[in-house]
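Biologist: I'd like to learn how to read a model like this one. Could you take me through it, one feature at a time?

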Protein chains: 2
Amino acid sequence: MKSLNLVPFVSVDNMMRIVLEIGLEPVLRDLADRIEEDFRRWESFDKTPRVASHSPGGVIELMPTSDGALYGFKYVNGHPKNMKEGLQTVTAFGLLADVDTGYPLLLTEMTLLTALRTAASSAMAARHLAPKNAKVMAMIGNGAQAEFQALAFKAICGIEEVRLYDIDATATEKCIANLKGSGLRLVPCRNPEEAVEGAEILTTVTADKQYATILTDNMVGAGVHINAIGGDCPGKTELHRDILLRSEIFVEYPPQTRVEGEIQQLAADHPVTELWQVIAGTAPGRRDARQITLFDSVGFAVEDFSALRYIHEKVQETGMAQMLDMIADPDEPRDLYGMLLRAQAARAA
Amino acid sequence: MKSLNLVPFVSVDNMMRIVLEIGLEPVLRDLADRIEEDFRRWESFDKTPRVASHSPGGVIELMPTSDGALYGFKYVNGHPKNMKEGLQTVTAFGLLADVDTGYPLLLTEMTLLTALRTAASSAMAARHLAPKNAKVMAMIGNGAQAEFQALAFKAICGIEEVRLYDIDATATEKCIANLKGSGLRLVPCRNPEEAVEGAEILTTVTADKQYATILTDNMVGAGVHINAIGGDCPGKTELHRDILLRSEIFVEYPPQTRVEGEIQQLAADHPVTELWQVIAGTAPGRRDARQITLFDSVGFAVEDFSALRYIHEKVQETGMAQMLDMIADPDEPRDLYGMLLRAQAARAA
C-alpha cells in the first residue's frame with residue numbers, strides 16, 4: 001500500500017534525466033499531442049485567468065485548472081530584470097492533485113517543463129495555422145526559450161531553417177552553438193528585416209517588460225504565420241498594432257489574452273478565434289495561402305495541466321522522483337494533535 | 001554563497017521537530033503575535049479572495065498574498081468525506097517567495113501549520129473580543145482542530161476549563177485523552193446545551209459540508225464571545241441566523257467571508273467589522289459586558305503569510321529543513337537549453 005504522506009517530487013536533475021531518457025524531440029512531440037488532446041476537450045476544464053501579483057520588478061502568478069478528475073496548478077514568476085543579476089527571468093514549479101481527495105499526486109520543477117510546454121504549444125498551434133509545408137522560420141529573440149522553439153518546430157512542423165536575430169549578438173551565438181548538430185540550418189541575421197526574409201513562420205520571443213515593436217507592419221508579408229510568444233503581460237507587447245489588424249488572430253483563453261496578449265492593443269471586442277475551436281473542428285484555422293495567421297500566445301493553465309499529467313505518467317514509468325514527506329498522515333485522521341504527541345514521546349524516549 | 005537552485009523544504013517531520021523544539025504553547029503565542037502584527041499593517045497587503053475549485057467531494061483552494069517584499073501562498077483542500085476514508089479532511093502546503101526576484105525562499109508542509117495558525121488566529125481575535133477574564137470555553141466539534149483551539153485559548157487567553165461536545169463521542173474521548181496533562185480542566189458533555197453552560201467563549205468547529213445548526217438562538221446568552229470556525233465555505237454554516245442578528249460580527253476579509261462565512265446567511269450589506277481595524281485601533285471591539293461578539297472566521301491568506309514568515313525564520317535559526325533542487329539554475333540565465341545539453345554530455349561520458 002502506498003504511503004499517504006509521501007508526494008513524488010521531480011527535481012530539476014530528475015526532470016533533465018526524464019527528458020534525456022525519452023529524448024528531447026520525442027518529449028516535445030508527446031507534449032504537443034497531450035496539449036492538443038486537452039484543447040480538444042477544452043469545455044471539460046474549469047478555467048480562470050491566472051492570479052497575478054505584480055510588483056515593480058516583475059510578476060508572480062498562480063495558474064490553476066481542473067478537468068474534474070485531476071487538478072493542476074503552476075507557480076511561475078516573470079522578472080525581466082533577473083537576467084542581468086544572473087537569475088532566470090522565469091522560474092516555475094507545479095503540482096498535480098486528485099480532485100476526489102484533494103491529495104497531491106506530484107510536485108515538480110517546471111522551469112524546464114514550462115520551456116518545453118511553451119515550445120510544444122507554439123508548434124502545435126502552428127500545425128493547425130501555418131502555411132502547409134513551411135520550411136523556414138524567423139526567430140526574433142534568442143534567449144532561454146529560443147532553442148526549445150526551434151526544436152519543437154523542427155520535430156512537430158518539419159521546419160528546416162531557422163533565421164536568428166537578437167538585439168544582443170551573444171544570445172544568437174549561444175543559440176547557434178547549442179543547436180549545432182540539431183540538423184537545423186541556422187542563419188544568424190544582422191537585423192529583424194534580414195531574419196524574416198523568406199520565412200513562412202515568424203516567431204517573436206523577446207523578454208523586455210515594455211511595449212516594443214519587434215515586428216513592424218512592412219516586415220510581415222502575405223501568407224505568413226506569426227507565433228507571438230513574448231508579449232504576455234499587461235504593458236508588454238511585441239507587434240505593431242497594424243499587423244494585428246491585418247491578421248486572423250488565434251488565442252488560448254480570451255479573458256486572459258485580452259489583458260496580457262498582443263491584443264491588449266485592440267478594442268475589447270476585436271474578433272479573435274479560440275484555438276481549441278480550431279482543434280475541435282468547430283472554427284476554421286487557416287483559410288487561404290495569402291492570409292496572415294497570428295497565434296497570440298500568453299500561456300494558459302491547461303497547457304501546464306497537460307505537461308503535469310505527462311510527467312506524472314513518466315514518473316510512474318521511470319521512478320525518477322524523490323518522495324517528500326509532505327502530508328501529515330495520522331493513523332486516525334481526526335488525531336492530528338495525537339501525531340504531534342507521539343512525536344514528542346518518541347523524542348523523550 | 002548560497003545555491004540559487006536550492007529551496008529549503010520543511011517536511012511534516014521537520015515541522016513537528018520545530019514545534020516540539022520551541023514548545024507548542026510558545027509557538028501558538030508567537031504565531032498569534034505575528035498574525036496580530038500583520039493584521040495591524042493590513043493595508044500593506046495585496047489581498048484577494050482565495051481561488052477555489054469546487055467538486056462534489058470538496059474544494060481545493062489557492063490562497064496568495066504579498067506585502068510587497070515577501071509573497072506567500074497556500075494550497076489547501078477541504079474534503080469532509082475524507083475522514084471516513086482514513087484521510088485528512090484538510091491538507092495543505094505553502095510557499096514563501098522573494099517579491100523582488102520571484103524566487104522561492106521556503107516550501108513547507110502546512111497541514112500542521114494551518115492547524116496551529118487557525119487556533120492562534122482564533123485566540124488572537126478573542127484577546128480583543130472576548131469578555132475580560134473569561135475562564136470557561138465550550139467546544140462543539142472535537143475533530144482535528146480541537147486540541148489546537150483548546151491549547152491556544154489556554155496559552156493566549158488564559159482559559160482554564162474546556163467543555164467538550166461532539167456528535168461522535170469517540171472524538172470527545174480522543175480530545176480529552178490528548179489534552180490530559182495540559183493543565184486544562186476538561187468536561188465531556190452529552191449535548192451542546194450542556195457544553196455551553198457557564199461558558200464565556202463558545203467555539204464551534206465541526207466539519208460537515210452542509211448548513212447545520214450547531215448553536216440555536218436560545219443557547220447563546222448575553223455577553224459571550226462566539227468563535228465560529230467550522231462554517232467556512234459556500235453552503236456550510238454552523239449557527240442559526242437569529243444568533244447572527246443579535247451579534248456584533250467581526251470578520252477577516254469581507255469579500256471572502258460574505259461568500260464563505262456564517263454571514264452568507266445574511267444580506268450582502270449586513271454591517272460587519274473588519275478585525276484588523278479593531279487591532280489597529282480604528283474600530284471598537286467589545287463595547288460592553290452584555291454584548292455578543294462573533295468572530296466569523298473562514299481563514300485568510302494573511303494568517304498563512306504570518307505563519308510562513310515565522311517558519312522561515314525558525315528554519316534559518318534551526319536548519320530543520322532539507323534542500324530541494326527545485327529551480328533550474330544555468331550558469332548563464334539565458335542558457336537553459338545549454339544546461340540540458342551539458343547534462344546530456346555528462347550522461348554520455
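Modeller: We'll go through the pairing of the chains, then the domains, then a loop. Keep in mind that this is a predicted model.

Biologist: Let's begin with the pair. What rotation and shift superpose chain B on chain A?

Modeller: The general idea is that two copies of a chain are related by a rotation about an axis and a shift along it. Here, chain B lands on chain A after a rotation of 180° with 0.0 Å of shift along the axis, and the RMSD is 0.0 Å. The two copies are therefore related as by a two-fold rotation axis. The same surface serves both of them, since 100% of the contact residues of chain B recur in chain A.

Biologist: And how is the size of an interface given?

Modeller: Often as the accessible area lost when the parts come together. For chain B and chain A, that comes to about 7,000 Å², with 68% of it on carbon and sulfur atoms. Chain B brings 79 residues to the contact, and chain A brings 79 as well.

Biologist: How many salt bridges and polar contacts lie between chain B and chain A?

Modeller: The count is six salt bridges, and there are 34 residue pairs in polar contact. As for what chain B puts into its side, helix α11 (residues 336-348) of chain B has the largest share, with nine residues. By class, that side of chain B has 43 nonpolar, 19 polar and 17 charged residues.

Biologist: Can you show me a salt bridge or two? Which residue of chain A pairs with Arg347(B)?

Modeller: Glu21(A) does, and the closest N and O atoms of that pair are 3.0 Å apart. Another one to look up is Lys81(B) with Asp100(A), at 3.7 Å between the closest N and O atoms. In that pair, Lys81(B) sits in the loop between β4 (70-78) and β5 (92-98) of chain B, while Asp100(A) sits in the loop between β5 (92-98) and β6 (104-109) of chain A. Over all chains, a search of the whole structure finds 56 salt bridges.

Biologist: Now inside one chain. What domains is chain A divided into?

Modeller: Domain 1 covers 6-112 + 302-331, and domain 2 covers 128-300. Their centres, taken over C-alpha atoms, are 24 Å apart. The contact between them takes 24 residues from domain 1 and 25 residues from domain 2.

Biologist: What area is buried between those two domains, and which residues of domain 1 lose the most?

Modeller: You can read this boundary just like the one between chains. About 2,300 Å² is buried between domain 1 and domain 2 of chain A, and carbon and sulfur atoms give 64% of that. On the domain 1 side, Phe39(A), Trp42(A) and Arg50(A) lose the most area to domain 2, together 24% of what that side buries.

Biologist: What does Arg50(A) form with Glu260(A)?

Modeller: A salt bridge, with the closest N and O atoms 2.4 Å apart. The count between the two domains is two salt bridges, and seven residue pairs are in polar contact across this interface.

Biologist: Which elements of domain 1 supply that side?

Modeller: α2 (24-40), β2 (51-55), β3 (58-66) and α10 (301-318) of chain A each supply at least two residues. α2(A) gives the most, with eight residues. By class, this side of domain 1 has ten nonpolar, four polar and ten charged residues.

Biologist: One last feature: where is Val272(A) found?

Modeller: Look in the loop between α8 (254-260) and β15 (273-274) of chain A. Val272(A) and Ile249(A) are 23 residues apart in sequence, but 5.1 Å apart in space, C-alpha to C-alpha. Leaving aside neighbours within four places in sequence, Val272(A) is in contact with Ile249(A), Val251(A), Pro254(A), Arg258(A) and Ile263(A).

Notes
Residues are numbered from 1 along each chain as its sequence is written. Chains are lettered from A and ligands numbered from 1 in the order in which they are written. This is a predicted model: local features need pLDDT of at least 70, side-chain atom pairs count only at pLDDT 80 or more; totals for chains, interfaces and linings use all residues. Side-chain values use heavy atoms; hydrogens and water are left out. Domain bounds come from an automatic or database domain assignment. Contact means heavy atoms within 4.5 Å. Buried area is the accessible area (1.4 Å probe) that two parts lose on being put together, summed over both. A salt bridge is a side-chain nitrogen of Lys or Arg within 4 Å of a carboxyl oxygen of Asp or Glu. A polar contact is a pair of N or O atoms within 3.5 Å; within protein, one must be able to donate a hydrogen and the other to accept it, and residues adjacent in sequence count only if both atoms are side-chain atoms. Helices (H or I, at least four residues) and strands (E, at least two) are DSSP runs, numbered from the N terminus. Ala, Val, Leu, Ile, Met, Phe, Trp, Tyr, Cys and Pro count as nonpolar, Asp, Glu, Lys and Arg as charged, and the others, Gly among them, as polar. Copies are superposed by least squares on the C-alpha atoms of residues with pLDDT of at least 70 in both.
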